[in-house]
Amino acid sequence: MTTTDTTPSDAGPIAERERFDSLDPATGAVVGTHPVHSAADVDRAVARARIASDTWADLDFDGRAPKLAAWKALITSRADELAELVRAETGKPTGDAMLEIVLAVDHLAWATKHAPKVLKRRSVNPGLLMSNMGATLEYLPFGVIGVIGPWNYPVFTPMGSIAYALAAGNAVVFKPSEHTPGVGEWLGRTAAEAMGIPGLLEVVTGFGETGGALVQAGVDKVAFTGSTATGKKIMAAASETLTPVLIECGGKDAMLVDADADLDAAADAAAWGGMSNAGQTCVGVERVYVHTDVYDEFVDKVVAEASAVEAGSGDQADIGPITMPSQLEVIRGHIHDALARGGRALVGGEDAVDDRYARPTVLVDVPEDSVAVTDETFGPTLTIARVRDMDEAVEKANASRYGLGSTVYSGERGPELARRLRSGMTAVNSVISFAGIPSLPFGGVGDSGFGRIHGPDGLREFTRPKAVARQRMKAPLTLTTFHRGSGTDKAVKKLIGLLHGRGPRKG
Ligand code: NAD
């Protein structure tokens, strides 16, 4: 059961508690009503998760795998129901909602399957000096992980933490965004139904205060995904108790288009990478740097692509409304600043933003210090800039305080340019593809945060390494004793000379 389904006996009747509505951003209709969980509620949720974490850890990998597989199967069999809920709370097209569910399920499967290989106890080489010892390394669960999530991918994004934390042997207390509490509750409800361990995935709902209470509730690690501003607050609050944090924040992702790139594919990727989900994607394309030789042709192609993108709430729409109404002002402000400072809108413009929707906007000739280039817009906008060569493209792409994802379209130099980009992930001749590859770690640098979800790094992120050195036989030279004589010291000095005293081999 999730906390929303239970009223702890000392918490008072549920009717007396503060509640809030989640709204359909396309219509303003109420989708669901949810409790605002207090600090005391959060503490109780963490206490229940703490009990569950012991049971869960004791099951070990073999005992956990079938339960996680049952949850995976339940999510899959009810994916239509979940997709409809995601559509209602975010406004995104149902097809996009289904895509994020499919990817989340795939990550859950990968994390379950690979957790033993990545985390299980194994022997490691003790080295020559300590060759009488046996050395083992394993990755043990922390206990209880607090997961705080955003609204833009309300299944895929938090599941990047939840699935990996559970597969690593932890219990989780999840605080979904106040814009998508119904999706969070759905995940908690189905986890309880499929895995049958009360408290294993607790869900607490509410606003920033509820998230703040979770950070201070004695969890063993906090995995946060959201804005950089909130990430800083969470890190500051967690520092009081030295609680470790994983911080996944926003981005201002750049795409590079080289002179020998497939321009049709690159233009398609720029339009989809920048405008799908109405641009509300942390790893969405926001800036494009194009080699001067192909700039005009590329811009024409992007204009054609972007002009065909339909915003609306029907089945025909390519993109839905802006989920968080306050973001409309940010998007309008970025377009306004770009145009006021000499930029031109080849598609859209300030009028493309109304009181629910932002339609595609393609901006050119925008100064690099305009907020449309420096700050996360989180709307269906692109800035496109001409560069003399790919060195300038790399330099401009890297001149950002963010460093989450990036994209390169190039015939010959894709991997080389990718490596030079200061970002956590890069897609070459594809866009956002890294997010769908479970074995690749996902996360950023700079203002985009630190730590990794997904892949082996994403599993280890929710564990503490446990190192054990065990004496197998008595050492010829015992170093760790007050009874060590000068003969031992001399022998050690000689040995270290033999082992490490020679410089690099010549010739
Ligand atoms: P947000 O920072 O406003 O909120 C995120 C979560 O934090 C919500 O659940 C919110 O209730 C909670 N919160 C707010 N104040 C808090 C506080 N003081 N203490 C604890 N919790 C608090 O972000 P958002 O608007 O929901 O999400 C959009 C942002 O998320 C964008 O910047 C986007 O780029 C980023 N994002 C990043 C990734 C990634 O993996 N790097 C993925 C998706 C979204």
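In this predicted model, a polar side-chain atom of Glu 376 sits 2.6 Å from an oxygen atom of the ligand. Thr 230 makes a similar approach through its side chain: one of its polar atoms lies 2.7 Å from a ligand oxygen. Gly 226 takes part through its backbone instead. One of its backbone N or O atoms is 3.2 Å from an oxygen atom of the ligand. The protein covers 89% of the accessible area that the ligand has on its own, which is 860 Å².

The shell around the ligand holds 30 residues. The nearest of them are Glu 178, Ser 227, Thr 230, Cys 249 and Glu 376. By character, the shell divides into 13 nonpolar, 12 polar and 5 charged residues. Three elements each supply at least two shell residues: helix α6 (208–215), strand β8 (221–225) and helix α7 (228–239).

Next, the annotated positions. An unreviewed UniProt entry gives the annotation "active site" to Glu 248 and Cys 282. They span 35 residues in sequence, yet their C-alpha atoms are no more than 9.2 Å apart, so they gather at one spot. Glu 248 belongs to strand β9, residues 245–248. Is Glu 248 buried or exposed? Its relative accessibility is 3%, so Glu 248 counts as buried.

UniProt also lists a domain, again in an unreviewed entry: "Aldehyde dehydrogenase", residues 17–468. That span is 42% helix and 20% strand. Its end C-alpha atoms lie 49 Å apart.

Now the charged pairs. Side chains of opposite charge can pair when their charged atoms come close. How many salt bridges does a search of the whole structure find? The count is 27. Several of them are worth following in turn.

Start with Arg 386 and Asp 296. Their side chains meet in a salt bridge, with 3.3 Å from N to O. Arg 386 lies in strand β14 (residues 381–387), and Asp 296 lies in helix α9 (residues 295–307). The pair therefore ties together parts that are 90 residues apart in sequence. Neither partner passes the 50% cut-off for exposed, and neither is under the 20% cut-off for buried. Arg 386 has a relative accessible area of 40%, so it is partly exposed. Asp 296, at 47%, is partly exposed as well.

Arg 420 and Asp 391 form another salt bridge, at 2.9 Å from N to O. Here two helices are involved: Arg 420 is in α13 (residues 414–420), Asp 391 in α12 (residues 390–398). Because of this placement, the bridge ties together parts that are 29 residues apart in sequence. Arg 420 is partly exposed, with 33% relative accessibility. Asp 391 is partly exposed too, with 39%.

A further bridge joins Arg 401 to Asp 447, at 3.1 Å from N to O. This one links loops in distant parts of the chain, 46 residues apart. Arg 401 is in the loop between α12 and β15 (402–403). Asp 447 is in the loop between β18 (445–446) and β19 (449–450). Arg 401 counts as partly exposed, at 40% relative accessibility.

Salt bridges can also join into a network. Which residues are linked in this way? Arg 388, Asp 389, Glu 392 and Lys 396 are.

Two more acidic residues complete the tour. Glu 202 is found in strand β7, residues 201–203. At a relative accessible area of 1%, Glu 202 is buried. Its side chain makes a polar contact with the side chain of Arg 48, at 3.0 Å.

Asp 106 is in helix α3, residues 94–119. With 39% relative accessibility, Asp 106 counts as partly exposed. Which position, 332 residues apart along the chain, has its C-alpha atom 7.4 Å from that of Asp 106? The partner is Pro 438.

Technical notes:
Residues are numbered from 1 along each chain as its sequence is written. This is a predicted model: local features need pLDDT of at least 70, side-chain atom pairs count only at pLDDT 80 or more; totals for chains, interfaces and linings use all residues. Side-chain values use heavy atoms; hydrogens and water are left out. A salt bridge is a side-chain nitrogen of Lys or Arg within 4 Å of a carboxyl oxygen of Asp or Glu. Helices (H or I, at least four residues) and strands (E, at least two) are DSSP runs, numbered from the N terminus. Buried means under 20% relative accessible area, exposed over 50%, partly exposed in between (1.4 Å probe, protein chains only). A residue is near a molecule or strand if one of its heavy atoms lies within 4 Å of it. A polar contact is a pair of N or O atoms within 3.5 Å; within protein, one must be able to donate a hydrogen and the other to accept it, and residues adjacent in sequence count only if both atoms are side-chain atoms. Accessible areas come from the Shrake-Rupley method with a 1.4 Å probe; for residues, only the protein chains shown count as cover. Ala, Val, Leu, Ile, Met, Phe, Trp, Tyr, Cys and Pro count as nonpolar, Asp, Glu, Lys and Arg as charged, and the others, Gly among them, as polar. UniProt positions are given in the numbering used here, feature names are shortened, and annotations may be inferred rather than shown by experiment.
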